[in-house]
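Work through the exercises below with the sequence and the model open. Each task is followed by a solution in steps.

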Amino acid sequence: MSALLLPLLWGSSTVSAQDFNPANPPEPQAKYKLTVKASPAEVGYASGAGRYEEGKRVYLNTSSSDSDYAFKRWERNGETISTSRSFYYTTRAIDDVVTAVYEFVKFDPVSPEEPEMAYKQYRLFLSSEPVEACSFNINSGERYKAGEMFNLRAYPSQSFVFDGWFDSDGNKVADDLNMSFTMPGENTTLTARFTFMPDSPDEPQSGNQDNVDNKPSMRGDVNDDKIVNVTDATIIIAHYLAEQPNNKKYDINEDGVINITDASIILTIYLTEQ
């Protein structure tokens, strides 16, 4: 009897082994390149470029670096897709190019009937290093009265880390992307400096910028991109290794010291939210 059952059991196990064909694990969702630029390139800044999955809402913003040019529209393949300087763009399953179009406008000096106003107004020129690193909430070359206070903000492109605002003499003016600025009694140039720090190959790029302007500042978001990730931890480590002065924003555990512990807390926040 055993001799009869043995071939049957062997045949059964052979068939089962042949039939076992587990499904392959799902492949990671593809990401597509989004190129964001200004035209003409030398008269404007544009931010929001990067690699994103299909269907992501990406915040695009542009500002002029030349007061003789005015923003007109955003174009894709020659078609107008928005007339607002800032808007949310939904990515497609292809490599896309979105262009902020600027047109030359007639220079409009202060009216001769207002000599006192002309005397009290001065120009604020804005630039970024590198040029493609960011855009601004106001156009370069705008006029302001001496003593006038207003909000100044830089919108960084993907993978650029903010180093600070600097004046024409190379002196740092502020550390925050968003600052309150008081216009001095002279034409002024400010430069927003950035360091290019691409994401690690094993770190998924986060292209989700939904409601960027509506999200409150988050604990651990040291580069103000509304995302807490490995990039924020890297900034703190670089700050610590360079032995730079304390920056309250980098002191995550508020112990008065910026060190590896603060970076570890950020990594814990990042991994917990995955």
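**Exercise 1. Helix α3**

Task: State which residues of α3 are buried, and check the length of the helix against its expected span.

Solution. Step 1: the buried residues of α3 are Thr 231, Asp 232, Ala 233, Ile 235, Ile 236 and His 239; buried means under 20% relative accessible area, exposed over 50%, and partly exposed in between (1.4 Å probe, protein chains only). The model is predicted, so local features need pLDDT of at least 70 and side-chain atom pairs pLDDT 80 or more, while totals for chains, interfaces and linings use all residues. Residues are numbered from 1 along each chain as its sequence is written, and side-chain values use heavy atoms, with hydrogens and water left out.

Step 2: an α-helix has 3.6 residues a turn, so residues three or four places apart point the same way.

Step 3: α3 covers residues 230-241, and its 12 residues should span 16 Å at 1.5 Å a residue. The expected span is 1.5 Å times one less than the number of residues. The end C-alpha atoms of α3 are 16 Å apart, which agrees. Helices (H or I, at least four residues) and strands (E, at least two) are DSSP runs, numbered from the N terminus.

Step 4: at the start of α3, a side-chain oxygen of Asn 229 comes within 3.1 Å of the backbone nitrogen of Thr 231.

**Exercise 2. The second largest cavity**

Task: Give the volume of the second largest cavity and describe its lining by class.

Solution. Step 1: the whole structure holds three cavities of 30 Å³ or more. On a 1 Å grid over the protein atoms alone, a cavity is a set of points where a 1.4 Å probe fits but cannot get out; a pocket is an open set with protein on both sides within 12 Å along at least five of seven lines; lining residues have an atom within 4 Å of a point.

Step 2: the second largest cavity contains about 90 Å³ of space.

Step 3: its lining includes Ile 235, one of the buried residues of α3. Among the other lining residues are Val 161, Phe 162, Asp 175, Asp 176 and Lys 249.

Step 4: by class, six lining residues are nonpolar, two polar and four charged. Ala, Val, Leu, Ile, Met, Phe, Trp, Tyr, Cys and Pro count as nonpolar, Asp, Glu, Lys and Arg as charged, and the others, Gly among them, as polar.

**Exercise 3. The largest pocket**

Task: Which element gives the largest share of the lining of the largest pocket?

Solution. Step 1: the volume of the largest pocket is about 490 Å³. Its lining has 26 residues, and Val 36, Ala 49, Glu 132, Ser 157 and Phe 160 are the closest to its centre.

Step 2: β1 (31-39), β2 (44-47) and β3 (50-53) each give two or more residues to this lining. The largest share, six residues, is that of β1.

**Exercise 4. Two strand residues**

Task: Are Thr 35 and Ala 46 buried or partly exposed?

Solution. Step 1: Thr 35, in strand β1, is partly exposed because its relative accessibility is 26%. Beyond its neighbours within four places in sequence, Thr 35 is in contact (heavy atoms within 4.5 Å) with Ala 49, Asp 96, Val 97 and Val 98.

Step 2: Ala 46, in strand β2, counts as buried at 11% relative accessibility. With neighbours within four places again left aside, its contacts include Val 36 and Ser 157, both of which are among the residues closest to the centre of the largest pocket.

Technical notes
A polar contact is a pair of N or O atoms within 3.5 Å; within protein, one must be able to donate a hydrogen and the other to accept it, and residues adjacent in sequence count only if both atoms are side-chain atoms. Grid points are joined across faces, edges and corners, and a volume is the space filled by probe spheres set on the points.
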